[in-house]
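I sat down with a structure that was new to me and kept a notebook as I went. Here are my entries, in case you would like to look along with me.

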Protein chains: 2
Amino acid sequence: MRILILGADGYLGWPTCLYFSQRGHEVIGVDSYFRRKATAELDCESLFPSPDLIQRAKVWEELTNKKINVHIGDITDYEFLISIFKEFNPDAVIHYAEQPSAPYSMINRDRAAFTLQNNLIGTLNTIYAVKETNPDCHIIKLGTMGEYGTPNIDIEEGWLEIEHNGRKDKFLFPRQAGSLYHTTKVQDTDMLWFYIRTWGIRATDLMQGPVYGLSTDETDLDERLRPFFNYDEIFGTVLNRFITQAVAGYPLSIYGNGNQTRGFLNLKDTMQCVYLSAMQPSEKGQLRIFNQLTEPFSVRQLADKVKMAGDKLGYNVVVEHIENPRVEQEDHYYNVKYTGLKQLGLQPNYLTDNVLENFFAVVDKYKDRINKDAFFKGIKWK
Amino acid sequence: MRILILGADGYLGWPTCLYFSQRGHEVIGVDSYFRRKATAELDCESLFPSPDLIQRAKVWEELTNKKINVHIGDITDYEFLISIFKEFNPDAVIHYAEQPSAPYSMINRDRAAFTLQNNLIGTLNTIYAVKETNPDCHIIKLGTMGEYGTPNIDIEEGWLEIEHNGRKDKFLFPRQAGSLYHTTKVQDTDMLWFYIRTWGIRATDLMQGPVYGLSTDETDLDERLRPFFNYDEIFGTVLNRFITQAVAGYPLSIYGNGNQTRGFLNLKDTMQCVYLSAMQPSEKGQLRIFNQLTEPFSVRQLADKVKMAGDKLGYNVVVEHIENPRVEQEDHYYNVKYTGLKQLGLQPNYLTDNVLENFFAVVDKYKDRINKDAFFKGIKWK
């Protein structure tokens with residue numbers, strides 16, 4: 001298959017390029033280097049030095065003799081994006097090219113406006129490019145479990161049949177997100193669903209939970225192939241931050257009481273989920289939605305796991321509760337359905353002691369590069 | 001009260017300026033002249049010549065000795081918008097400044113992107129300006145009944161309590177709109193609700209049906225005070241288009257079978273609804289939603305009414321069904337609740353024979369200015 005990956009330089013985008021390339025698919029990767037620029041600007045760069053996308057593609061080619069076609073540019077520029085579609089005519093487009101940080105979107109008006117415009121215009125352009133070049137092309141879009149928020153009812157996979165006053169209809173599951181970033185993903189879903197039912201195009205929307213981990217079988221081939229690994233308040237997902245804090249001898253910072261529960265998954269499982277979705281596309285006119293997670297944990301449970309594993313390895317991990325900078329429910333109901341991807345063939349990599357130990361080992365190798373200032377930036381929701 | 005009106009030059013914005021000014025409130029009107037530019041560009045200008053906003057404010061001052069403070073600028077420019085908030089410190093902001101046409105948003109990618117960016121950045125900026133200058137300021141935002149689409153269940157006023165697997169929660173009523181424009185309004189609602197529950201600001205979101213009519217008590221004082229009156233395929237709401245088609249001896253163009261049902265209201269009632277909302281603001285942290293309509297009609301019922309009234313006046317009205325350019329359900333369930341605004345004090349002006357006859361009389365005065373090319377532009381959803 002011909003696979004176009006938008007946001008190919010990112011934490012998920014880059015290992016996805018390798019995953020498809022390794023399996024014999026023709027990959028084109030597009031990125032605007034937003035993450036590189038933003039992390040430099042905000043002093044919260046990746047733990048590992050990362051050669052740029054063109055360099056990394058060269059390393060991959062040297063090692064495997066497989067070519068990843070790379071284009072640097074911004075998908076909010078429609079002329080740029082459509083030229084890629086015309087040249088490459090992909091069978092599927094995997095859309096990771098969004099500003100992905102909740103705290104970033106809450107810094108101020110300018111960052112909020114950037115998030116809104118980057119995420120929505122990027123998604124609009126992707127939809128239009130598919131319609132104008134090949135309406136059969138399968139759009140695989142990364143949503144987020146954060147779109148649902150923490151409702152007091154069971155979270156279904158994307159859709160809900162509602163009975164009201166004796167009549168029934170089926171709707172997108174109610175969405176009520178916890179940051180402007182997450183809200184742009186809700187808005188994306190609204191827009192994608194509008195164009196799917198109007199134009200009969202096809203898409204899979206993956207409601208992904210927070211991802212952890214720093215390696216896949218492909219990135220393990222060479223250090224230079226590692227994805228970005230952010231451990232800071234802005235771009236670092238919670239488990240990645242906790243492990244790095246533990247290694248740095250910095251207290252694990254739990255926001256509030258830590259009962260906030262979310263569904264997590266290993267970076268390796270993101271690869272599987274996206275790949276399985278691409279190999280078994282949705283029907284024309286269908287918005288297929290999967291909840292992409294393998295295990296729910298509370299933030300406190302995660303901290304406990306990191307402390308247990310870290311202490312065993314001699315790190316003497318301290319856990320701290322800090323005032324919650326976010327506006328969110330700390331104690332809430334959380335019961336999520338996530339069977340769809342398993343039905344497609346997902347074999348979960350759970351968060352075992354072994355996984356945690358390996359995680360510690362890799363982060364420890366880069367211990368001297370940890371920038372402790374990045375752990376706390378003081379971004380508040382209010 | 002100090003009332004800031006965004007989109008003050010528009011079909012609804014201008015008569016709203018007069019309505020508040022007439023009742024002794026201090027009014028500041030802001031507009032970017034989008035409608036003037038777009039209608040000139042697309043050859044579908046208002047039936048009446050309209051002096052620009054500054055001129056119209058002068059006419060109003062000459063007639064009534066009441067001053068409307070006018071600023072021309074674009075609210076997607078945050079520096080411009082916040083300077084207005086700082087100077088004026090409004091008690092309420094009425095936000096009409098959106099690209100309001102469904103067909104316009106479906107012309108092509110560029111118009112879709114403009115709609116998305118204009119509507120969402122404009123709303124974001126309004127929310128931020130309120131938060132940064134005076135979080136007590138009441139945001140009155142025009143939504144649209146089109147956000148709900150045509151669900152197979154009763155449409156409640158904005159919210160729905162959902163019971164699922166024995167548990168309950170209350171959510172925004174499911175929204176599933178029929179155009180990209182309407183989808184941006186869904187996205188607006190998502191965003192507004194996010195910031196309200198995060199920051200505790202206050203807003204009223206008015207889910208308005210299609211408006212008809214061309215005069216209010218204030219605009220009737222002088223011809224130069226008339227609001228824009230669009231009767232074309234792009235900016236003309238359906239009844240305004242039908243009346244003008246009847247006067248021009250052009251067949252009334254029903255899209256498809258005409259069973260599409262919507263909730264309509266007279267321009268005079270929009271004035272009342274917005275005014276009543278401003279005088280009785282929502283609580284802090286509350287997103288108060290009203291369904292703003294007075295009577296549901298099917299498109300065919302409207303055409304029949306126009307034909308009956310027109311024939312009686314000697315116009316010999318022809319009704320035609322054309323292939324539906326939109327993707328929409330023609331036969332559907334439609335049962336809307338709309339009691340909230342009546343409880344605030346709305347006294348509806350229904351679509352009586354008398355209202356229709358007066359409507360014909362005014363449009364007939366400008367018969368020679370009707371541009372028949374504007375009735376059909378051939379914009380298709382697919």
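The entries below go from the symmetry to the contact between chains, then to the core and one proline.

**Entry 1: the two chains.** I noted at the start that this is a predicted model. I began by laying chain B on chain A, and a rotation of 180 degrees with 0.0 Å of shift along its axis does it, at an RMSD of 0.0 Å. The two copies are therefore related as by a two-fold rotation axis. I then looked for the C-alpha of chain B nearest that axis and found it in Gln187(B), 2.6 Å away from the axis. Both copies use the same surface, as 100% of the contact residues of chain B recur in chain A.

**Entry 2: where the chains meet.** How many residues of chain B are in contact with chain A? I found 38, and they meet 38 residues of chain A. On the chain B side, the elements giving two or more residues are α6, β6 (159-164), β7 (167-172) and α7 (180-199). Sorted by class, that side holds 23 nonpolar, eight polar and seven charged residues.

**Entry 3: helix α6 of chain B.** I followed this helix through residues 109-133, 25 residues in total. From first C-alpha to last it reaches 35 Å, close to the 36 Å expected at 1.5 Å a residue. Is α6(B) largely enclosed or largely open? I found 18 of its 25 residues buried, so α6(B) is largely enclosed by the rest of the structure.

**Entry 4: a hairpin.** Next I turned to β6(B) and β7(B), which pair in the antiparallel sense over six bridges. One of the partnerships I looked up joins Glu163(B) to Lys168(B) in β7(B). Two residues lie between the strands of this hairpin, and Asn165(B) takes a positive phi near 50 degrees.

**Entry 5: the core.** The largest nonpolar core has 225 residues, and Ile5(A) and Ile5(B) have the most contacts inside it. Apart from it I found another core, of six residues, including Ile162(A), Ile162(B) and Phe171(B). Back at Ile5(A), I listed what it touches beyond four places in sequence: among them are Gly13(A), Cys17(A), Val30(A), Ile94(A) and Tyr96(A).

**Entry 6: Pro325(A).** Where does this proline sit? I placed Pro325(A) in the loop between β14 (319-322) and α11 (340-344) of chain A. Pro325(A) has 19 other C-beta atoms within 10 Å, and buried starts at 20, so Pro325(A) is partly exposed. Leaving aside neighbours within four places in sequence, Pro325(A) is in contact with Tyr255(A), Ile379(A), Lys380(A) and Trp381(A). I also checked Ser101(A), which is 224 residues from Pro325(A) in sequence and 14 Å from it in space, C-alpha to C-alpha.

Methods. Residues numbered from 1 in each chain as written. Chains lettered and ligands numbered in written order. Predicted model: local features only at pLDDT ≥ 70, side-chain atom pairs only at ≥ 80, totals over all residues. Core = buried A, V, L, I, M, F, W, Y, C linked by C-beta atoms within 7 Å. Buried ≥ 20, exposed ≤ 12 C-beta atoms within 10 Å, placed from the backbone. Contact = placed C-beta atoms within 7 Å. Least-squares fit on C-alpha atoms with pLDDT ≥ 70 in both. Helix = DSSP H or I, 4+ residues; strand = E, 2+ residues; numbered from the N terminus. Expected span 1.5 Å × (residues − 1). Nonpolar A, V, L, I, M, F, W, Y, C, P; charged D, E, K, R; others polar. Pairing = 2+ DSSP bridges.
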